[in-house]
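Visitor: Got a few minutes to walk me through this one? I'd like to poke around a bit.
Guide: Sure, let's bring it up.

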Amino acid sequence: MKREKLIITGIGGSIEPRSNTMAALKFAMAEVEKCGAECILFDIRKLELPIFNPAKGVEQGGEKLKHFLDAVYHSDGYIFASPEYHGTVSGAFKNVIDYLEFLGSRKPPYLSNKPIGIIATGGGDISGITTIQSIINIAHNLRAIAASNNVAIVSSFKHFDEKNIITNETIRRRIKRLAKEVVDLAGKFKHCVV
Ligand SMILES: Cc1cc2nc3c(=O)[nH]c(=O)nc-3n(C[C@H](O)[C@H](O)[C@H](O)COP(=O)(O)O)c2cc1C
C-alpha cells in the first residue's frame with residue numbers, strides 16, 4: 001500500500017512525569033503535523049525498558065519494544081529530545097537509543113539516510129550544546145543525518161508555564177524551524193540510496 005504522508009517519530013522526554021523535555025517534544029511534533037507529516041511519539045518514561053542487555057534478544061523489552069522498533073524503522077525522520085544530565089544525554093534516553101542496535105541487521109541498517117532533529121533542555125544558563133553534540137554523534141552512528149536547526153533550551157525551568165506550555169517566543173520559533181527542516185529533509189532523502 002502506498003503511504004501518502006511522511007512519518008516523523010519523536011523519541012524523548014525524561015523519567016519526570018512533568019517533563020519539560022517532553023513538553024518541548026510534544027510542541028515540536030504538533031509543528032511537524034502542521035507541516036503535513038504524520039506523527040508518532042514515544043515517551044521514554046512510558047516505554048519502561050529495562051537496561052539494555054546485548055546478550056538478550058528483543059524479548060527483553062516485550063511487545064512494547066517490538067512495536068517501538070518497527071515504528072521507528074518505518075519512519076521517515078525523527079526528533080530526539082533529551083534533558084542534559086552531566087553535560088550529555090540522560091541515561092534513560094541513551095538506554096532507549098541503545099535498543100536501536102536491534103535495527104542493525106535490517107536492510108538498510110539502523111536509521112540510514114533519515115534526518116534527526118534534536119532538542120536538549122538544561123537547567124544551567126549555558127547548557128544543551130554538548131547534549132546536542134552527543135546526539136549528533138549518536139545520529140551519525142545510526143547512519144542518520146543530523147538536522148542543523150537543533151534547539152538547546154537553557155534554564156528550562158524559566159520557559160514553561162504551569163500547564164507545561166513553552167512561554168518563550170524565541171524557543172517556539174526555533175522549534176518550528178526545526179520541525180519544518182526535519183519534514184523537508186525527510187521528503188528529500190526518502191528515496192535516497194547511498
Ligand atoms: C541528574 C541530573 C543531572 C543534570 N545535569 C545537568 C547539566 O549537566 N547541565 C544542565 O544544564 N542541567 C542539568 N540538569 C538539569 C536538567 O537538565 C533540566 O532540569 C532539564 O530541563 C530537566 O528536563 P525534564 O523536565 O524533561 O526532566 C541535571 C538534572 C539532573 C536530574
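Guide: What follows is a short chat about this model, which is predicted.

Visitor: Let's start inside. Which residues touch the most other members of the largest nonpolar core?
Guide: That core has 57 residues, and the ones touching the most other members are Ile 8, Ala 24, Ala 28, Ile 79, Ile 119 and Val 182.

Visitor: Why would nonpolar side chains end up together like that?
Guide: In soluble globular proteins, nonpolar side chains tend to be buried together.

Visitor: Take Val 182, then. What is Val 182 in contact with, leaving aside neighbours within four places in sequence?
Guide: Its partners are Ile 8, Val 32, Gly 77, Ile 79, Pro 115, Gly 117 and Ala 147.

Visitor: OK, switching to the ligand. How many residues surround it, and which are closest?
Guide: There are 16 around the ligand, and the closest are Thr 21, Gly 122, Gly 123, Gly 124 and Ser 127. The elements that each give two or more residues to that shell are α1 (20–34) and β3 (77–85).

Visitor: Which element gives the most?
Guide: β3 does, with three residues.

Visitor: How does the shell divide into nonpolar, polar and charged?
Guide: Twelve of the shell residues are polar, two are nonpolar and two are charged.

Visitor: Back to β3 for a second. Pro 83 is in that strand, so is Pro 83 buried or exposed?
Guide: Buried: Pro 83 has 28 other C-beta atoms within 10 Å, and the cut-off for buried is 20 or more.

Visitor: And what does Pro 83 contact, skipping neighbours within four places in sequence?
Guide: Ser 14, Thr 21, Ser 90 and Thr 121. Thr 21 is also one of the closest residues to the ligand.

Visitor: How far is Pro 83 from Ala 28 in sequence and in space?
Guide: They're 55 residues apart in sequence, and their C-alpha atoms are 15 Å apart.

Visitor: New topic: helix α5. What span should α5 have, and how far apart are its end C-alpha atoms?
Guide: α5 runs over residues 129–141, and its 13 residues should span 18 Å at 1.5 Å a residue. The end C-alpha atoms are 18 Å apart, which agrees.

Visitor: Which residues of α5 are buried?
Guide: Thr 131, Ile 132, Ile 135, Ile 138 and Ala 139. They cover an arc of only 115° around the axis, so they sit on the same side of α5.

Visitor: What covers those buried residues?
Guide: The cover includes β3, β4 (88–89), α4 (91–98), β5 (115–121), β6 (145–146) and β7 (151–153).

Visitor: And which exposed residues are on the face turned away from the buried side?
Guide: His 140 and Asn 141. Just after α5, Arg 143 takes a positive phi of about 65°.

Visitor: Let's look at other backbone oddities. What is phi for Glu 48, and where is Glu 48 found?
Guide: Phi of Glu 48 is near 45°, a positive value in a residue other than glycine. Glu 48 is in the loop between α2 (44–47) and α3 (62–73), and is exposed, with 12 other C-beta atoms within 10 Å.

Visitor: What about Asn 164?
Guide: Asn 164 has a positive phi too, near 65°. Its place is the loop between β7 and α6 (169–189), and Asn 164 counts as partly exposed, with 14 C-beta neighbours inside 10 Å.

Visitor: Last one: is the peptide bond from Lys 107 to Pro 108 cis or trans?
Guide: Cis, with omega near -5°. Pro 108 is in the loop between α4 and β5.

Note on methods:
Residues are numbered from 1 along each chain as its sequence is written. This is a predicted model: local features need pLDDT of at least 70, side-chain atom pairs count only at pLDDT 80 or more; totals for chains, interfaces and linings use all residues. A nonpolar core is a set of buried Ala, Val, Leu, Ile, Met, Phe, Trp, Tyr and Cys residues joined through C-beta atoms within 7 Å. Two residues are in contact if their C-beta atoms, placed from the backbone, lie within 7 Å. A residue is near a molecule or strand if its C-beta atom, placed from the backbone, lies within 6 Å of it. Helices (H or I, at least four residues) and strands (E, at least two) are DSSP runs, numbered from the N terminus. Ala, Val, Leu, Ile, Met, Phe, Trp, Tyr, Cys and Pro count as nonpolar, Asp, Glu, Lys and Arg as charged, and the others, Gly among them, as polar. The expected span of a helix is 1.5 Å times one less than its number of residues. The arc is that of the directions from the helix axis to the C-beta atoms.
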